[in-house]
Amino acid sequence: MTTIIIEDEKPAARLLQRKLSKIGIETQVMLHSVEEATIWFGENVHPDLIFLDIQLSDGLSFEIFENIDIKSAVIFTTAYDEYALQAFKLNSIDYLLKPIDDEDLEAAVLKFQSRINQNPPSFDYQQIRYMFANPDSKSYKKRFTVKIGQHLKVIGTDEIECFFSENKGTYIHTYENRNYLIDTTLEMLEDELDPAEFFRISRKYIVPMKAVREIIMYSNSRLKVMLPTFRDDEVIVSREKVPDFRKWLG
């Protein structure tokens, strides 16, 4: 099986190469840009499998497919969240979210190997490219599922007063004045939540616009946000976030 990696960050490419080597997959070539990949595919026999980053240093990797008719199977490696990746599911494309988990990588390779004698799935690169070029068309998360003992509770985003981090955990605080631990980070939530409704005011908090009851001038050019029930700590807009927060409020 011939395999290549297209990834603009060379340390990330080398790490993926090592991970593949551990499961017996040797990488023949590593490419780092749309231009380099386009030239290479025009001059060489195409591989069985491509590990392809979406955002390369000189553009989106989909541009490669616009210039070259590539028949190889593709596994995308990307930091985009699962909602932005709905187009991949619709088009039967495999993908791995960064940072790439060893078990997920092995499962993706095994899935490819089980289909190696089949024709690669056909999919519309233009459709996927459009989705990433027009992020406003993406779907945002509307609900979260949390575990309470042996039970699961579904919490809609309209029930959420804020998200906050504490002691390396991430929590939902609801209008019912209850906290729920969730298995994610504020960084990931920033991509999953509608930016028209939610704003990350600091390293510790994400707040929805409708929960902001009052804004008070605070020390060092910061702002203090008053929420309906959250009283565990002062909710402060960090100084560097204040200009964007004011724009977000309109």
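## Two sheets and a helix: worked exercises

In this predicted model, strand E11 (residues 169-174) pairs with E12 in the antiparallel sense, over four bridges. Let's work outward from there.

**Exercise 1.** Find the bridge partner of Ile172 in E12, then work out which strands stand at the edges of the sheet.

*Solution.* Start with the residue: Ile172 has Tyr180 as its bridge partner in E12. Next, zoom out to the open sheet, where five strands with antiparallel pairing follow the order E12-E11-E10-E14-E13. Read off the two ends: strand E12 (179-182) and strand E13 (198-200) are the edge strands, and each pairs on one side only. From one strand to the next, the twist averages 20°. Finally, look for a helix on this sheet: helix H8 (residues 242-249) packs there, touching E13 and strand E14 (205-208), and its direction makes about 175° with that of E13.

**Exercise 2.** Now take the parallel sheet and explain why one side of E2 and of E7 is left without a neighbour.

*Solution.* Write down the order: five strands form an open sheet as E2-E1-E3-E6-E7, with parallel pairing. Strand E2 (29-31) and E7 are at the edges with a single partner strand each, so each has one side with no neighbour in the sheet. The twist here averages 20° from one strand to the next. For a pair inside the order, try strand E1 (residues 3-6) and E3: they pair in the parallel sense over four bridges, and Ile6 stands opposite Leu52 in E3. Then add the helices. H1 lies across E1, E2, E3 and E6, running at about 155° to E1. Helix H2 (residues 34-43) packs on the sheet too, touching E1, E2 and E3, at about 140° to the direction of E2.

**Exercise 3.** Check the span of helix H5 (residues 102-114), then decide which of its residues are buried and which are exposed.

*Solution.* First, the span: at 1.5 Å a residue, the 13 residues of H5 should cover 18 Å, and the end C-alpha atoms are 18 Å apart, so the two agree. Next, pick out the buried residues of H5: Leu105, Ala108, Val109 and Phe112. They cover an arc of only 95° around the axis, which puts them on the same side of H5. That fits a general rule: an α-helix has 3.6 residues a turn, so residues three or four places apart point the same way. On the other side of H5, Glu103 and Ser114 are exposed. What covers the buried residues? The cover includes helix H1 (10-22) and strands E3 (49-53), E6 (73-78) and E7 (94-97). Last, check the N-terminal end: Asp101 caps H5 there, with a side-chain oxygen 2.9 Å from the backbone nitrogen of Glu103.

Conventions:
Residues are numbered from 1 along each chain as its sequence is written. This is a predicted model: local features need pLDDT of at least 70, side-chain atom pairs count only at pLDDT 80 or more; totals for chains, interfaces and linings use all residues. Side-chain values use heavy atoms; hydrogens and water are left out. The expected span of a helix is 1.5 Å times one less than its number of residues. Buried means under 20% relative accessible area, exposed over 50%, partly exposed in between (1.4 Å probe, protein chains only). The arc is that of the directions from the helix axis to the C-beta atoms. Contact means heavy atoms within 4.5 Å. A polar contact is a pair of N or O atoms within 3.5 Å; within protein, one must be able to donate a hydrogen and the other to accept it, and residues adjacent in sequence count only if both atoms are side-chain atoms. Two strands pair if DSSP finds at least two bridges between them. Axes are lines fitted to C-alpha atoms, for helices over the stretch in contact, and angles run from 0 to 180 degrees between N-to-C directions.
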